[in-house]
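User: Please go through this structure with me, one question at a time. Keep the reasoning short and end each answer on what was asked.

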Amino acid sequence: MIKLSIKKNDFDFNTGLLKPKDSLYPKFWSKNDLNSIVSRKLMAIADDIIDSLDMRDYVEDVIITGSIASYNWHELSDIDLHIMLDFDKVSDDFDLVKRMLDQTRINWNKKHNILISGKEVELYFQHYTEPHEANGIWSLELQKWLALPVKLDPEIDIRTTEKKAEAIAQQIEHLFDLFSEEKFKEAYEYSDKVKVKIARMRSLGLSDEGIYSPENLAFKMLRNAGYLEKLSALKIESYDRMMSLSLKTKKINENNIWRKYFQKENEQ
């Protein structure tokens with residue numbers, strides 16, 4: 001069974017990551033401008049991806065956003081690199097384009113581990129008119145802020161945030177129970193339901209109260225503590241077991257699931 005130790009260990013540590021800093025991440029930003037070396041490197045990464053997909057004609061901008069472009073940066077922050085595309089120019093089937101690019105993003109992020117000053121590059125594709133809730137958006141194409149970060153000192157509802165995060169983490173624990181009982185189809189379907197619930201929770205929180213909503217902060221706490229990664233691993237493993245034939249019964253161990261998952265990543 002997954003041991004969460006939510007309040008005394010992982011999540012107490014994570015609450016400290018949510019507090020705003022006095023300045024932007026100093027290794028990247030100087031006088032509110034992005035370091036030119038960092039900028040060129042990020043643009044080179046984006047150019048390689050765009051050219052490999054032959055999508056140069058559809059690019060509207062390349063931006064960085066998220067905590068690394070705000071006063072909310074912390075030691076676990078990564079670099080959210082968003083390639084802004086006109087999905088409608090790619091194809092008339094908007095949903096198909098989105099699904100294709102989502103899978104491309106997932107595959108790229110699994111395959112690559114690019115670090116810039118210790119911060120990992122995380123790739124995203126986004127339709128250029130899609131609303132984006134962020135306290136800080138920097139255009140790599142234009143070399144300027146599209147949304148200037150603002151230092152806020154919000155009242156963070158830690159109790160509600162922890163309660164929401166704990167509820168999701170307990171659902172992940174229940175998923176492992178289902179997997180341990182070899183109820184692979186049920187585990188797979190429930191894992192998908194949990195992922196949808198998490199996405200909906202975060203989306204509603206952002207639209208209602210913004211980046212400091214308990215829903216968005218609960219998402220970040222779960223992500224920083226590694227539970228979202230475990231959820232994805234469990235979904236993949238459940239599907240593999242569900243679709244396998246003549247699989248020998250063996251004692252299911254939590255560590256085996258995560259070990260197999262990360263071995264797959266390292267082999268790519």
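Analyst: Helices here are DSSP runs of H or I with at least four residues, strands are E runs with at least two, and the numbering starts at the N terminus. The model is predicted.

User: Which residue with a positive phi follows H7?

Analyst: H7 spans residues 214-224. The residue in question comes after this helix and has a phi near 90°. It is Gly-226.

User: How many of the 11 residues of H7 are buried?

Analyst: Buried means a relative accessible area under 20%. The residues of H7 that meet this include Pro-214, Glu-215, Phe-219, Lys-220 and Asn-224, and the helix as a whole is mostly covered. The count of buried residues in H7 is 10.

User: Which residue other than glycine has a positive phi in the loop between S5 and S6?

Analyst: Most residues other than glycine have a negative phi. The loop between S5 (115-116) and S6 holds an exception, with phi near 50°. Its relative accessible area is 42%, so it counts as partly exposed. The residue is Ser-117.

User: What is the phi of Glu-182?

Analyst: Glu-182 sits in the loop between H5 (158-180) and H6. Its relative accessibility is 38%, which means that it is partly exposed. Although Glu-182 is not a glycine, its phi is positive, at about 60°.

User: Are H6 and H8 roughly parallel or roughly antiparallel?

Analyst: Two packed helices are described by the angle between their axes and the distance between the axes. For H6 (residues 184-209) and H8, the axes lie 8 Å apart and the angle is about 150°. The cut-off for roughly antiparallel is over 145 degrees, so H6 and H8 are roughly antiparallel.

User: Which residue class has nine members in the contact of H6 with H8?

Analyst: From H6 the contact takes in residues including Phe-184, Ala-187, Asp-192 and Ile-198, and from H8 residues including Leu-228, Lys-235, Ser-238 and Met-242. Three of the contact residues are polar and five are charged. The class with nine members is nonpolar.

User: Is Ser-238 buried or exposed?

Analyst: Ser-238 belongs to H8 (residues 227-243). Beyond four places in sequence, Ser-238 touches Phe-179, Phe-184, Ala-187 and Tyr-188. Its relative accessible area is 1%, so Ser-238 is buried.

User: Which helix gives the most residues to the largest nonpolar core?

Analyst: That core has 35 residues, of which Phe-28, Trp-29, Leu-42, Ile-64, Leu-81 and Leu-140 touch the most other members. H2 (36-52), S3 (59-65), S4 (79-85), H4 (94-111) and S6 (119-127) each supply at least two residues. One helix supplies seven, and it is H2.

User: How many residues are in the other core, which includes Ile-168?

Analyst: This core lies apart from the one of 35 residues. Among its members are Ile-168, Phe-219, Tyr-227 and Leu-234. Its residue count is 18.

User: What is the C-alpha separation of Val-121 and Ile-79?

Analyst: Val-121 is in S6, and with a relative accessible area of 2% it is buried. Its contacts beyond four places in sequence include Leu-42, Leu-81, Trp-108 and Ile-79. Although Val-121 and Ile-79 are 42 residues apart along the chain, their C-alpha atoms are separated by 4.7 Å.

Definitions and conventions. Residues numbered from 1 in each chain as written. Predicted model: local features only at pLDDT ≥ 70, side-chain atom pairs only at ≥ 80, totals over all residues. Heavy atoms only, no water. Buried < 20%, exposed > 50% of the residue type's maximum accessible area, 1.4 Å probe, protein only. Contact = heavy atoms within 4.5 Å. Axes fitted to C-alpha atoms, helices over the stretch in contact; angles between N-to-C directions. Parallel < 35°, antiparallel > 145°, perpendicular 65-115°, else oblique. Nonpolar A, V, L, I, M, F, W, Y, C, P; charged D, E, K, R; others polar. Core = buried A, V, L, I, M, F, W, Y, C linked by side-chain atoms within 4.5 Å.
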